[in-house]
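User: I am a first-year student and would like a close look at a single part of this protein. Please start from one helix and then explain what lies around it.

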Amino acid sequence: MLMTKLKSKETIASLPAGKIFLLSCHGCKEVGFPEREIQALRDELAASGRLAGEFVTDYICNPENMRLRLKSHLAEIAEADAVLVFSCGVGVQTVSEFLDDTRVYAGCDTVALPGFQGVTAAQYDCGQCGECYLNLTGGICPITACSKSLVNGPCGGGKNGKCEVDPDMDCGWGKIIKKLKAQGRLDVLRCPTQIHDFHTDEATKAAKES
C-alpha cells in the first residue's frame with residue numbers, strides 16, 4: 001500500500017489554467033488519502049467554473065478496469081484542458097499512458113510506506129520519493145523508468161531509443177522527451193530550480209535520524 005498527501009496549493013495553482021477533469025483513486029485510501037483536502041479543491045474548481053467533470057473509483061493502477069470505467073467519461077475529458085489525478089505515482093502513470101494525448105497531472109505526492117503498490121505494481125513502479133514531479137515529465141517517472149534514475153535528462157549512452165544498461169528496455173528519458181514534444185510541452189524541462197528535493201524522501205530522513 002502507498003500513502004499520499006496533497007501537493008501544495010501553490011503547486012496545483014501553477015498548473016495550466018482552463019477546465020480540469022478530476023480523477024480520484026480510493027484504492028489505498030484506508031492507508032492514507034487526503035480526501036477532505038481534495039473535496040475542498042474540487043469545490044473551489046466547481047465554484048470557479050473550471051470543473052469539467054470528475055470520477056472517483058478504486059485501483060486505477062489496474063489498467064484494464066480503469067480503461068473500462070473511464071470510457072463513459074471520455075467526452076468530458078475531451079472537453080477538459082487537463083486531467084488532475086489524485087493517487088499514488090503508479091495510478092498517475094497508468095492514466096497518463098491511457099490518455100496519451102491528454103495533459104495528465106499528479107495532484108498528490110507519494111510517501112514511502114512498507115507494503116505493495118495497489119494491484120499492478122509489476123507494470124509501473126513508484127519510488128515513493130515524497131515529491132512526485134510527473135507533472136514535469138509527461139506522466140513518466142524518470143526515477144523508475146530510467147535504469148540510472150536520472151532526474152536531469154538522458155545519460156547519452158542509449159542507442160536507438162533503448163537503454164544503455166538494458167538494451168531490451170526503452171530509454172525512460174527518450175519516452176519523456178517524445179511525449180512532451182508531441183504535446184508541445186518541451187519547455188517544461190527548462191526548469192530554473194532544483195527539480196527534486198530528496199530531503200522529502202522518507203528513507204533519506206530515516207537514514208539521517210539513525
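Analyst: Start with helix α5, which covers residues 89–98 and lies across β2, β4 and β5. Its direction makes an angle of about 175 degrees with β5. The model is a predicted one, and everything below describes that model.

How much of α5 is covered? Eight of its 10 residues are buried, so the helix counts as mostly covered. The buried ones are Gly 89, Val 90, Gly 91, Val 92, Gln 93, Thr 94, Val 95 and Ser 96. In general, an α-helix has 3.6 residues a turn, so residues three or four places apart point the same way.

Now look at what the helix lies across. The strands β2, β4 and β5 that α5 crosses belong to an open sheet of four strands, in the order β3-β2-β4-β5 and with parallel pairing. The edges are formed by β3, residues 51–57, and β5, residues 104–106, each of which pairs on one side only. On average, neighbouring strands in this sheet are turned by 20 degrees against each other, direction ignored. As a general point, strands of a sheet pair through backbone hydrogen bonds, in either a parallel or an antiparallel way.

Within the sheet, β2 sits between β3 and β4 in the order. With β3, strand β2 pairs in the parallel sense over six bridges. With β4, which is residues 82–86, strand β2 (residues 20–25) also runs parallel, and five bridges join the two.

Single residues show how this works. Which residues stand opposite Leu 22? In β3 the residue opposite Leu 22 is Glu 54, and in β4 it is Leu 84. Ile 20 has Ala 82 of β4 opposite.

The side chains of β2 are worth following too. Ile 20, Leu 22 and Ser 24 point one way from the strand. Phe 21, Leu 23 and Cys 25 point the other way. Residues on both sides are buried, and in total six of the six residues of β2 are buried, which makes the strand mostly covered.

A later part of the chain also comes into contact with residues numbered in the low hundreds. Gln 183 is placed in the loop between α7 and α8. Leaving aside neighbours within four places in sequence, Gln 183 is in contact with Asp 100, Asp 101, Thr 102 and Arg 103. Is Gln 183 buried or exposed? Its relative accessible area is 15%, and because buried means under 20%, Gln 183 is buried.

The loop between α7 (172–182) and α8 (202–209) also holds Leu 189. With a relative accessibility of 32%, Leu 189 counts as partly exposed, because that class lies between the buried limit of 20% and the exposed limit of 50%. Together with Ile 177 and Leu 186, Leu 189 makes a nonpolar surface patch of about 200 Å².

Finally, here is the setting of these parts in the chain. The chain has eight helices and six strands, and from the N terminus they run β-α-β-α-β-α-α-β-α-β-β-α-α-α. Of its 210 residues, 45% count as buried. About 11000 Å² of the chain is exposed, with 53% of that supplied by carbon and sulfur atoms. Among contacts with a separation of 6 or more, 67% are between residues 24 or more positions apart.

Definitions and conventions
Residues numbered from 1 in each chain as written. Predicted model: local features only at pLDDT ≥ 70, side-chain atom pairs only at ≥ 80, totals over all residues. Heavy atoms only, no water. Pairing = 2+ DSSP bridges. Axes fitted to C-alpha atoms, helices over the stretch in contact; angles between N-to-C directions. Contact = heavy atoms within 4.5 Å. Patch = residues over 30% accessible without salt bridge, like charges linked within 9 Å, V, L, I, M, F, W, Y side chains within 5 Å. Areas by Shrake-Rupley, 256 points an atom, 1.4 Å probe, with all protein chains shown as cover. Salt bridge = Lys/Arg side-chain N within 4 Å of Asp/Glu carboxyl O. Buried < 20%, exposed > 50% of the residue type's maximum accessible area, 1.4 Å probe, protein only.
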